[in-house]
Amino acid sequence: MFSFFRKKKPVAPVTPETPLVAEPVQTDTAPIHHAAAPVVDTAEITTVAVHPEPQQTEEEAPAPAPAPAPAPAAIIEVAQPQAKLSWAERLKAGLAKTRDRLGKSLAGLFGGGQIDEDLYEELESVLLTADMGIDATQHLLSDVRNRVSLAGLKNGSELKGALQSSLTDLISPLQKPLDVSTHKPFILMVAGVNGAGKTTSIGKLAKYFQGQGLSVLLAAGDTFRAAAREQLVVWGERNGVQVIAQDGGDSAAVAFDAVNAAKARGIDVVIVDTAGRLPTQLHLMEEIKKVKRVVQKADPTGPHEIMLVLDANNGQNALSQVKSFDDALGLTGLILTKLDGTAKGGIIAAIAKQRPIPLRFVGVGESIDDLRPFIAKDYVDALFD
Ligand SMILES: Nc1nc2c(ncn2[C@@H]2O[C@H](COP(=O)(O)OP(=O)(O)OP(=O)(O)O)[C@@H](O)[C@H]2O)c(=O)[nH]1
């Protein structure tokens, strides 16, 4: 039913002739760009040509650095129709591994035994195993202790409710849905380490916004990896989403062009993809700061959202990514992908305790519907029930 993209090896380059590629879709008066042979509409020629090259305005910024490591190329695939599950069911299925680890261990604690120090110690090690981290674990333990003494709870079976409430209270501040109605175009910039799920999440987000009746334009800002650009361009063609891409060039220039094209075309949401990078690759962190500055030259009010995409499998390492990208860019939101593949779903608690940046969306699979706004209660219910 849904077409979506997925990485696959070995890979033939995606070209306009690739059979999977649908005919370009005319979404408005402007044709969609093609990575191999960019098509530039009149509005964009005007927009792009009259502006100075963004890199000329950023003399202090280093020249684009080579890609850190060539990632596997990507092709577009048509996902097989899936059995219709509700989001709650998909979230629950996605969190099965975390729930198994947490739930099985907790089952013993939630039995009929007395609440004593041994039980708190066991609880501590269970929470740490689910990657909640020391700070969040200590916070939860002391909060649960308070609830137990305030309510006069006596046995382990009563502990479950106390822990659920405590965890819900801890992570609820992360539940702040993204509001893109504040600006037009709303400029959303996406960052993250290699393979975190940025490009996939951008596709899912584009569909999500389209579903709300909003027009979307994508900036194929991952100029290090040609396949990433082609991935977006082809996906955009298939789904009626306009994509701004350039052969070569730097991602700041692509973002700049995209914002101007979005203004000229009256687009609601611009999503700027960027290449994957590690926070330790300082030259690449400088490069992404430059993308932000150049976006601000095209629209001084933007970017309106700087979102870090995190792979839940990274566990505690995801937290250090949050800190580094936040220090560099000033993050306003997070996406946590691949909750379905990990037993480390407790990382949300660690983020809530240490760097409570709004968790806008969570991803629990590769299908287009597997990315949804984060709802704290749904998450806790899926974890415990
Ligand atoms: N199981 C699962 N897989 C996902 C999820 N989100 C993304 N993926 C997969 O993760 C892989 C990497 O996704 P990409 O979107 O290409 O990652 P990226 O961050 O753009 O990668 P780079 O461009 O190399 O930096 C792909 O195989 C995706 O299908 C998710 O929520 N669950």
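**Exercise 1. Thr 137 and its surroundings**

In this predicted model, determine in which helix Thr 137 is found, whether Thr 137 is buried or exposed, and which residues Thr 137 touches.

*Solution.*

Step 1. The secondary structure places Thr 137 in helix α5.

Step 2. The relative accessible area of Thr 137 is 0%. Since buried means under 20% relative accessible area, Thr 137 is classed as buried.

Step 3. A polar atom of the Thr 137 side chain lies 2.6 Å from the backbone oxygen of Gly 133.

Step 4. With residues up to four places away in sequence left out of the count, Thr 137 touches Glu 124, Leu 127, Leu 128 and Met 132.

**Exercise 2. A salt bridge within helix α5**

Identify the residue with which Asp 143 forms a salt bridge, and state how many residues apart the two are in helix α5.

*Solution.*

Step 1. Asp 143 forms a salt bridge with Arg 147, and their closest N and O atoms are 2.9 Å apart.

Step 2. Both residues belong to helix α5 (residues 133-151); because they are four residues apart there, about one helical turn separates them.

Step 3. Arg 147 has 24% relative accessibility and therefore counts as partly exposed.

**Exercise 3. Salt bridges between distant parts of the chain**

Describe the salt bridges of Lys 184 and Arg 360, and classify each participating residue as buried or exposed.

*Solution.*

Step 1. Lys 184 forms a salt bridge with Asp 268, with 3.2 Å between the closest N and O atoms. This pair links distant parts of the chain, 84 residues apart: Lys 184 is in the loop between α6 (156-171) and β3 (186-192), and Asp 268 is in the loop between α9 (251-265) and β6 (269-272).

Step 2. With a relative accessible area of 57%, Lys 184 is exposed, whereas Asp 268, at 16% relative accessibility, counts as buried.

Step 3. Arg 360 forms a salt bridge with Glu 305, the closest N and O atoms being 2.8 Å apart. Here too the pair links distant parts of the chain: Arg 360 lies in strand β9 (residues 359-363) and Glu 305 in strand β7 (residues 305-311), 55 residues apart.

Step 4. Arg 360 counts as buried at 12% relative accessibility, and Glu 305 counts as buried at 1%.

Step 5. Salt bridges that share partners also join Asp 143, Arg 147 and Asp 169 into one network. In total, the structure holds twelve salt bridges.

**Exercise 4. Helix α12 and Lys 353**

Establish how many of the eight residues of α12 are buried, and determine which residues Lys 353 touches.

*Solution.*

Step 1. The buried residues in α12 are Ile 347, Ile 348, Ala 349, Ala 350, Ile 351 and Ala 352.

Step 2. Because six of its eight residues are buried, α12 is largely enclosed by the rest of the structure.

Step 3. Lys 353 also lies in helix α12 (residues 347-354), but Lys 353 is partly exposed, with a relative accessible area of 37%.

Step 4. Not counting residues up to four places away in sequence, Lys 353 touches Asp 135, Ala 136, His 139 and Leu 170. Although Lys 353 and Asp 135 are 218 residues apart along the chain, their C-alpha atoms are separated by 6.7 Å.

**Exercise 5. The shell around the ligand**

Characterise the residues that surround the ligand and the polar atoms that lie beside its oxygen atoms.

*Solution.*

Step 1. The ligand is surrounded by 21 residues, of which the closest are Lys 198, Thr 199, Thr 200, Asp 340 and Glu 366.

Step 2. By class, this shell has four nonpolar, nine polar and eight charged residues.

Step 3. Helix α7 (residues 198-211) gives the most to the shell, with four residues.

Step 4. A backbone N or O atom of Ala 196 lies 3.1 Å from an oxygen atom of the ligand. A polar backbone atom of Gly 197 is 2.9 Å from a ligand oxygen atom. For Thr 199, a polar side-chain atom lies 2.7 Å from an oxygen atom of the ligand.

Step 5. Taken alone, the ligand exposes 660 Å², and the protein buries 90% of that.

**Exercise 6. The chain as a whole**

State how many helices and strands the protein chain has, and what percentage of its residues are buried.

*Solution.*

Step 1. The protein chain has 13 helices and ten strands.

Step 2. Of the 385 residues in the protein chain, 54% are buried.

Step 3. The accessible surface of the protein chain comes to about 15,600 Å², and 54% of this surface belongs to carbon and sulfur atoms.

Step 4. Among contacts in the protein chain between residues at least 6 apart in sequence, 81% join residues at least 24 apart.

Technical notes: Residues are numbered from 1 along each chain as its sequence is written. This is a predicted model: local features need pLDDT of at least 70, side-chain atom pairs count only at pLDDT 80 or more; totals for chains, interfaces and linings use all residues. Side-chain values use heavy atoms; hydrogens and water are left out. A residue is near a molecule or strand if one of its heavy atoms lies within 4 Å of it. A polar contact is a pair of N or O atoms within 3.5 Å; within protein, one must be able to donate a hydrogen and the other to accept it, and residues adjacent in sequence count only if both atoms are side-chain atoms. Accessible areas come from the Shrake-Rupley method with a 1.4 Å probe; for residues, only the protein chains shown count as cover. Ala, Val, Leu, Ile, Met, Phe, Trp, Tyr, Cys and Pro count as nonpolar, Asp, Glu, Lys and Arg as charged, and the others, Gly among them, as polar. A salt bridge is a side-chain nitrogen of Lys or Arg within 4 Å of a carboxyl oxygen of Asp or Glu. Buried means under 20% relative accessible area, exposed over 50%, partly exposed in between (1.4 Å probe, protein chains only). Contact means heavy atoms within 4.5 Å.
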